[in-house]
Amino acid sequence: MNITVMGSGVFGFAIALKILQNGHNVTLWTSNKEKEEELKKGKEIIEGIKIPKNMKITSSYEKAIKNADIIFLMTSAKHIAAVCQNIKPYYNKKQIFCIGSKGIEQGTSKFVHEVFKDNLKSSNYSVLSGPSFAVDMANSYPVGLSIASLSKKSIKLIKQSLISDSVKLRETTDLIAVQICGSIKNVIA
């Protein structure tokens with residue numbers, strides 16, 4: 001599968017790395033051209049872990065979205081609305097989205113999946129959360145994540161992209177609980 005990870009922070013990179021290790025084509029999107037160039041030159045996102053040469057890196061929304069089967073939204077919650085608006089011209093309704101952003105939008109108090117639905121008209125989405133740490137996932141330590149969705153197709157494809165010897169996914173339809181737990185974990189951490 002062709003999979004794009006929108007967001008080159010530590011959690012986004014850890015997800016991209018795991019997907020790449022599982023044999024999928026991965027594009028890692030970053031927010032600007034300068035950061036794209038730094039990453040292409042070898043700047044580490046997680047200390048001690050190099051960006052694999054076969055991981056594509058871009059700051060172009062079009063290049064990131066156009067041929068993706070699955071799109072992981074891994075930016076901070078405050079940027080989800082803007083990222084969704086910027087990918088809107090390039091996405092299609094067959095694409096699967098996985099929202100890994102944690103938090104509640106300030107000002108509206110909306111959950112991230114609600115912000116997503118306000119901006120992109122897709123029912124093919126899931127919400128992903130841990131109580132995991134990106135560095136553990138990147139180093140292939142055992143992690144367990146929760147995935148919530150009302151779309152069986154979404155859960156099935158995201159599981160195919162992520163599950164490995166070190167990553168387990170527990171599925172639910174409770175989008176709110178997964179997002180609340182992810183937000184609380186981030187506050188405690």
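Let me begin with one contact in the interior: the side chains of S126 and S149 are joined by a polar contact of 3.3 Å. Before I go further, please keep in mind that what we are looking at is a predicted model, and that every value I quote has been computed from that model.

Staying with S126, there is a second polar contact from its side chain, this time to the side chain of S154, and here the distance is 2.5 Å. The residue sits in strand 6, and, with a relative accessible area of 0%, S126 is buried, because buried means under 20% on this scale. If we set aside residues up to four places away in sequence, the residues that S126 touches are F97, C98 and I99, then I147, A148 and S149, and finally S154, I155 and I158. Both of the serine partners that I mentioned, S149 and S154, therefore appear again in the contact list of S126, where contact means heavy atoms within 4.5 Å.

Strand 6 brings me to the enclosed space in the model. How many cavities of 30 Å³ or more does a search of the whole structure find? The search finds 1, and the volume of the largest cavity is about 30 Å³. Its lining is made up of S101, K102 and G103, together with V127, L128 and S129, and then V178 and Q179. Two elements give two or more residues to that lining, namely strand 6, which runs over 125–129, and helix 8, which runs over 175–188. Of the elements involved, strand 6 gives the most, with 3 residues. By residue type, the lining of this cavity divides into 3 nonpolar residues, 4 polar ones and 1 that is charged.

From the cavity I would like to turn to the largest pocket, which holds about 560 Å³ of space. There are 27 residues lining this pocket, and the ones closest to its centre are G9, F11, M74, T75 and S76. Which elements each supply at least two residues of the lining of the largest pocket? They are helix 1 (10–21), helix 4 (80–87), helix 6 (134–138) and helix 8, and you may recall that helix 8 also gives residues to the lining of the largest cavity. The largest share of the pocket lining comes from helix 1, and that share is 3 residues. When the pocket lining is sorted by type, we find 11 nonpolar residues, 13 polar ones and 3 charged ones.

Next, the charged pairs. The structure holds 8 salt bridges, and I will describe a few of them, starting in helix 2, which covers residues 33–40. There the side chains of E36 and K33 meet in a salt bridge, at 3.5 Å from N to O, and these two residues are 3 residues apart in the helix, about one turn. Is E36 buried or exposed? At 3% relative accessibility, E36 counts as buried, whereas its partner K33 is partly exposed, with a relative accessible area of 46%. K33 also meets E37 in a salt bridge between side chains, with 3.7 Å from N to O; these two lie 4 residues apart in helix 2, which is again about one turn, and E37 is partly exposed at 32%.

Outside that group, K66 forms a salt bridge with E62, and the closest N and O atoms of the pair are 3.1 Å apart. Both partners are partly exposed, K66 with a relative accessible area of 48% and E62 with one of 34%. As for the wider arrangement, salt bridges that share partners join K33, E36, E37 and K40 into one network.

Finally, I would like to look at the start of the chain. M1 is found in the segment before strand 1, which spans 2–6, and M1 is partly exposed, with a relative accessible area of 29%. Leaving aside its neighbours within four places in sequence, M1 is in contact with several residues, among them H24, N25, D69 and I70, and also L157, Q160 and S161. As a last distance, M1 and G100 are 99 residues apart along the chain, and their C-alpha atoms are separated by 19 Å.

Methods:
Residues are numbered from 1 along each chain as its sequence is written. This is a predicted model: local features need pLDDT of at least 70, side-chain atom pairs count only at pLDDT 80 or more; totals for chains, interfaces and linings use all residues. Side-chain values use heavy atoms; hydrogens and water are left out. On a 1 Å grid over the protein atoms alone, a cavity is a set of points where a 1.4 Å probe fits but cannot get out, and a pocket is an open set with protein on both sides within 12 Å along at least five of seven lines; lining residues have an atom within 4 Å of a point. Grid points are joined across faces, edges and corners, and a volume is the space filled by probe spheres set on the points. Ala, Val, Leu, Ile, Met, Phe, Trp, Tyr, Cys and Pro count as nonpolar, Asp, Glu, Lys and Arg as charged, and the others, Gly among them, as polar. A salt bridge is a side-chain nitrogen of Lys or Arg within 4 Å of a carboxyl oxygen of Asp or Glu. Buried means under 20% relative accessible area, exposed over 50%, partly exposed in between (1.4 Å probe, protein chains only). A polar contact is a pair of N or O atoms within 3.5 Å; within protein, one must be able to donate a hydrogen and the other to accept it, and residues adjacent in sequence count only if both atoms are side-chain atoms.
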